[in-house]
Amino acid sequence: HNLLKTVGQTFKDLIHLSTLTLTSNKISSIEEDVFPNLIHLFRIELDSNPLDQSFSFTGLIRLNQLFIRYCSIEKLTSQTFFDLSNLKQLNIRQSKIESIDTRVFILMNNLTDLFLSNNKLTILKNHFFNGLSKLITLDLDYNLISTIEPFVFEPLEKLEKLYLGNNFIRSINAELFLSLIYLKRLYLDSNQMTSLLTGFLKNSNMLDLLDLSKNPIVNIAEHAFKNVSRLKTLDLTSNKLKSIKRFYFDDLTGLKQLKLFGNRINVLEKDSFQYFEKIDLIYLRENFLVSMDKAIFRHVNCSSVDLSKNQLDIMNPNMFLDSNITSLNIRRNLLKSLDAGSLKYLKNTHTIDLGFNQLKFICNQLFESNSTFSLTVLFLNNNLLTDLEFLSQNSLISLSQLDLSFNLITNLF
């Protein structure tokens, strides 16, 4: 935060310097002989300077971290990072980069983290990442990428995290990530993908998280996820799915989190979730579900099912047949009544949230059976209940929290 325009030889005698911070100055270029004696320099921060591609880091043989964020570097040339063979972290976020020449990273075989988000790249060419054999994290979020050449990621044999969110990607070639055998996290959120083809991620057996949120996806082909059988988190939030077919997730037996929040889902086919061995979260919040008449959650062993902000007007007990659900959220739906058998299959459920519905009637026998023996938390707030006769049974002895606020209750019993 000064007004430096040049660096010159100011630091040439500080031979033991390990960190140099020159952020928020007026530096537009760096000459070749600026850092000749700084052989112990470990980290340089040049953020928020009007730097273009006229700079040199010659002589910094031990430099480990380089930050050039918020600059004006439109192009990376083969000389840009010459001599930085020991660099491990390079951060060039939001620097107006439009193109990358051949051999830019060819000698940077120790680089593990490369951040190129918030730039102006429109195409990823095959030569872009040559030399980056040890790269673990590659961040390309918030660019203008619409075209990805088929072998661009081939040199990245150690890559574990790839960020491609907030671009203009319409489709993924099945072999695009073929060489990324150690890839664990893939972010493709906020792109323009409309469908997922069969086996669209070939050779991605190590993938742990796949983020496809905020795309206009309307269709998922059978066995689309057959190459990501170890996936733990699948995020399909805010797409345009209208239905969930029973074959969509049949290859994802080990999935732990399924996020379907904010789609247009009005149909869940029977046994859509039967393939999950033990899932932690099924997130169906804010869709267009009106009724679920079949055994939708049959054989589902799940810690939490979220059906809030839908349009459910009937609590059909059959949808929970043979299920094992610990927490159930049906908040902000259109339920008007709960009949005697509404909860009969929720044998191991500890928490039920029925707040913000239109409940006027709850059958006196609703909590009579042993089916609600495990219930410890019950939310009935913001409904239209006028009495509490349904609580007169002894089957709620495990209840530790009960919320009846904002109803029309005039008599306790």
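Me: Which residue stands opposite glutamine 257 in S20?
Reply: This is a predicted model, so everything here is read from computed atoms. Strands S18 and S20 run parallel and are joined by three bridges. Across from glutamine 257, in S20, stands leucine 281.

Me: And which residue in S21 does isoleucine 282 stand opposite?
Reply: Moving on, S20 also pairs with S21, in the parallel sense and over four bridges. In that pairing, the residue of S21 that faces isoleucine 282 is valine 305.

Me: What is the bridge partner of valine 305 in S22?
Reply: S21 pairs with S22 too, again in the parallel sense, this time over five bridges. Strand S22 covers 324–329. Within S22, valine 305 has as its bridge partner leucine 328.

Me: Which residue of S24 is the bridge partner of leucine 328?
Reply: S22 and S24 run parallel, with three bridges joining them, and S24 is made of residues 351–353. The residue of S24 that partners leucine 328 is isoleucine 352.

Me: How many residues does the largest nonpolar core have?
Reply: Some of the strands we just met feed into this core: S20, S21 and S22 each supply at least two of its residues. The residues with the most contacts inside it are Phe81, Phe129, Phe153, Phe249, Phe273 and Phe297. As for the size of the core, the number of residues is 121.

Me: Phenylalanine 297 touches several residues; which serine is one of them?
Reply: Let's leave out residues up to four places away in sequence. Phenylalanine 297 then touches, among others, Phe273, Ile282, Val305 and Ile325. Isoleucine 282 and valine 305 are the pair that stand opposite each other between S20 and S21. The serine that phenylalanine 297 touches is Ser323.

Me: How many salt bridges does the structure hold?
Reply: Side chains of opposite charge can pair when their charged atoms come close. One such pair here is arginine 43 with glutamate 45, whose closest N and O atoms are 2.7 Å apart. Counted over the structure, the number of salt bridges is eight.

Me: In that first pair, is glutamate 45 buried or exposed?
Reply: Its partner, arginine 43, is partly exposed, at a relative accessible area of 22%. Glutamate 45 has a relative accessible area of 15%, and the cut-off for buried is under 20%. So glutamate 45 counts as buried.

Me: How many residues apart in sequence are the parts tied together by lysine 245 and glutamate 269?
Reply: The side chains of these two meet in a salt bridge, 3.7 Å from N to O. Lysine 245 sits in the loop between S17 and S18, while glutamate 269 sits in the loop between S19 and S20. Both count as partly exposed, with lysine 245 at 28% and glutamate 269 at 28%. The separation of the parts that this pair ties together, in residues, is 24.

Me: What is the relative accessible area of aspartate 271?
Reply: Aspartate 271 forms a salt bridge with arginine 298, and their closest N and O atoms are 2.8 Å apart. The pair links distant parts of the chain, with arginine 298 in the loop between S20 and S21 and aspartate 271 in the loop between S19 and S20. Arginine 298 is partly exposed at 22%. Aspartate 271, on the other hand, is buried, with a relative accessible area of 4%.

Me: How many disulfides does the structure hold?
Reply: Cysteine 71 is buried, at 3% relative accessibility. Cysteine 363 is buried as well, at 11%. A disulfide needs two cysteine sulfur atoms within 2.5 Å, and the number found in this structure is zero.

Me: Which residue's backbone nitrogen lies 2.7 Å from a polar atom of the threonine 80 side chain?
Reply: Threonine 80 is in the loop between S4 and S5, and at 1% relative accessibility it is buried. Leaving aside neighbours within four places in sequence, threonine 80 is in contact with Phe55 and Phe57. The backbone nitrogen at 2.7 Å from its side chain belongs to threonine 77.

Me: What distance separates the C-alpha atoms of methionine 206 and leucine 138?
Reply: Methionine 206 is found in the loop between S13 and S14, and it is partly exposed, at 33%. Residues it touches include Tyr182 and Arg230. Leucine 138 is 68 residues from methionine 206 along the chain, and their C-alpha atoms are separated by 17 Å.

Conventions: Residues numbered from 1 in each chain as written. Predicted model: local features only at pLDDT ≥ 70, side-chain atom pairs only at ≥ 80, totals over all residues. Heavy atoms only, no water. Salt bridge = Lys/Arg side-chain N within 4 Å of Asp/Glu carboxyl O. Buried < 20%, exposed > 50% of the residue type's maximum accessible area, 1.4 Å probe, protein only. Core = buried A, V, L, I, M, F, W, Y, C linked by side-chain atoms within 4.5 Å. Contact = heavy atoms within 4.5 Å. Polar contact = N/O pair within 3.5 Å; in protein donor to acceptor, adjacent residues only side chain to side chain. Pairing = 2+ DSSP bridges.
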